[in-house]
Amino acid sequence: MATATSNIRSPSITLFGKGTVSYQRTAAPFQIPQFPLNRPRLTALFASLHDGNNKDDGSNKITKSVGLEELFEDSSYDVVSKDSPFHPRPLSSTQFSNSVSAGSRLRVAYQGVRGAYSEAAAEKAYPNCEAVPCDQFDAAFEAVEKWIVDRAVLPIENSLGGSIHRNYDLLLRHSLHIVGEVKLAVRHCLLANHGVRVEDLQRVLSHPQALAQCENTLTKLGLSREATDDTALAAKYVAFNKLKDTGAVASSSAAKIYGLNILAEDVQDYCDNVTRFLMLAREPLIPGVEKPFKTSIVFSLEEGPGVLFKGLAVFALRQINLTKIESRPLRNQPLRASDDSNNGSKYFDYLFYVDFEASMAEERAQNALRHLKEFATFLRVLGSYPVDTTML
């Protein structure tokens, strides 16, 4: 089956008069930040655990001082990203929950155009928010960093398509913090202009992940596939150009917004199609213990027999469950020569992204990272945040 290679992209978007994020800017070379040994280690993520204003009020929602400055003292690891002292104080887990339930009018960036699944995820994460579309993932990160929006909600993995590698790389390149997660059930529809039948179609447009998730269905229909930046953009393109031989794989919401007809529903190959999104903010969330928490970290290790086993064992020894492991090549040093001069082989250096079920307010999580710190060459906490136990 021939597949066209052209991509359809939307133009730069001015974000509600607050300035335009440039999507064509070349990103700086990827580098692991290195900081002097005397750099203060206790940052905003854990500050409130030692703040006299955060004493236990009887609710038992915040644990006592846990001495995390000792854990990371005199360390070259960037455990959390540098944040300006002029930023507002971090949200507590209680404040975070209240702000969501109260429907605060936050400006939340997502990648795509109206009708994208990411827009639905943003509205689930922050009810009554002002969802702000961005052309690319990079633009959403930058919009938060530049104070154009308050939050970003971006996909990180899909139950059928796997990990969104671009966003893993951007998590380390930017200084945002993970403050939550949201899981969204994805139901793809085959859309076309009114009057167009399935047998009239010759090709279909959508995001590469969506096309992969519907591969069997699209193959049976004999349709060629073309990639776009997101599913809703495909629907918008088909509608605005009044195409008669082209359909789109997108949501039912996109069909309604752009006036398309739904030719078929649930065209994904498997019914259990769920995308997990991360909620990102300039300030970290203060971890708590009043509800199930998850912590995301990234680290690197020296090459050698059993080093990854040792790295993962620090969690197993403390009965901490790992929910996600992802490896990404270390881009500023992709290949290293083997210490064995006889074979002359080279191997990749990797970063390991790990999600585990524990709050950084728990002693066992602190001890696990203290242990990992003994032999990791780099370690950073990306966020400690409540687990999403719902499904939409």
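Is Gln 319 buried or exposed? Gln 319 is exposed, with a relative accessible area of 66%. The legends below walk through this and other close-ups of a predicted model.

**View A. Two non-glycine residues with positive phi sit in loops.** Start with Gln 319, found in the loop that runs between helix 11 (307-316) and strand 16. Its phi is near 55 degrees, a positive value in a residue other than glycine. The second residue to look for is Asp 266, placed in the loop between strand 12 (261-265) and strand 13 (274-281). Asp 266 is not a glycine either, yet has a positive phi of about 50 degrees. Whereas Gln 319 is exposed at 66%, Asp 266 counts as partly exposed, because its relative accessible area is 36% and that class lies between 20% and 50%.

**View B. Four strands form an open, antiparallel sheet.** Reading across the sheet, you meet the strands in the order 16-19-15-20. Strand 16 and strand 20 (376-386) are the edge strands, each pairing on one side only. On average, neighbouring strands of this sheet are turned by 15 degrees against each other, direction ignored. As a reminder, strands of a sheet pair through backbone hydrogen bonds, either parallel or antiparallel. Here, strand 16 and strand 19 (residues 350-356) pair in the antiparallel sense over seven bridges. To find your bearings along this pair, look for Ser 327, which stands opposite Phe 352 in strand 19.

**View C. Helix 6 lies across the sheet strands.** Helix 6 (residues 165-173) lies across strand 15 (293-301), strand 16, strand 19 and strand 20. Helix 6 runs at about 85 degrees to strand 16.

**View D. Arg 328 is a buried arginine in strand 16.** Strand 16 covers residues 322-329, and Arg 328 is part of it. With a relative accessible area of 14%, Arg 328 falls under the 20% limit and is therefore buried. Which side chain does the side chain of Arg 328 join in a polar contact of 2.9 Å? The partner is Asp 169. Leaving aside residues up to four places away in sequence, Arg 328 also touches His 165, Tyr 168, Asp 349, Tyr 350, Leu 351 and Tyr 353.

**View E. Arg 107 is a buried arginine in strand 3.** Arg 107 belongs to strand 3 (residues 107-111). At 13% relative accessibility, Arg 107 counts as buried. The side chain of Arg 107 reaches the backbone oxygen of Ile 148 at 3.1 Å. Glu 130 is also worth finding: Arg 107 and Glu 130 are 23 residues apart in sequence, but 4.7 Å apart in space, C-alpha to C-alpha.

**View F. Helix 12 has its buried residues on one face.** In helix 12 (residues 363-373), the buried residues are Ala 365, Gln 366, Ala 368, Leu 369 and Leu 372. Seen down the helix axis, these buried residues fall within an arc of 160 degrees, so they line one face of helix 12. An α-helix has 3.6 residues a turn, so residues three or four places apart point the same way.

**View G. Two nonpolar cores lie apart from each other.** The largest nonpolar core has 68 residues. Tyr 126, Val 153, Leu 171, Ala 235 and Leu 280 have the most contacts inside this core. Apart from it lies another core, of 18 residues, including Ile 297, Leu 301, Phe 356 and Leu 369. You have already met Leu 369 as one of the buried residues of helix 12.

Terms used:
Residues are numbered from 1 along each chain as its sequence is written. This is a predicted model: local features need pLDDT of at least 70, side-chain atom pairs count only at pLDDT 80 or more; totals for chains, interfaces and linings use all residues. Side-chain values use heavy atoms; hydrogens and water are left out. Buried means under 20% relative accessible area, exposed over 50%, partly exposed in between (1.4 Å probe, protein chains only). A polar contact is a pair of N or O atoms within 3.5 Å; within protein, one must be able to donate a hydrogen and the other to accept it, and residues adjacent in sequence count only if both atoms are side-chain atoms. Contact means heavy atoms within 4.5 Å. The arc is that of the directions from the helix axis to the C-beta atoms. Two strands pair if DSSP finds at least two bridges between them. Axes are lines fitted to C-alpha atoms, for helices over the stretch in contact, and angles run from 0 to 180 degrees between N-to-C directions. A nonpolar core is a set of buried Ala, Val, Leu, Ile, Met, Phe, Trp, Tyr and Cys residues joined through side-chain atoms within 4.5 Å.
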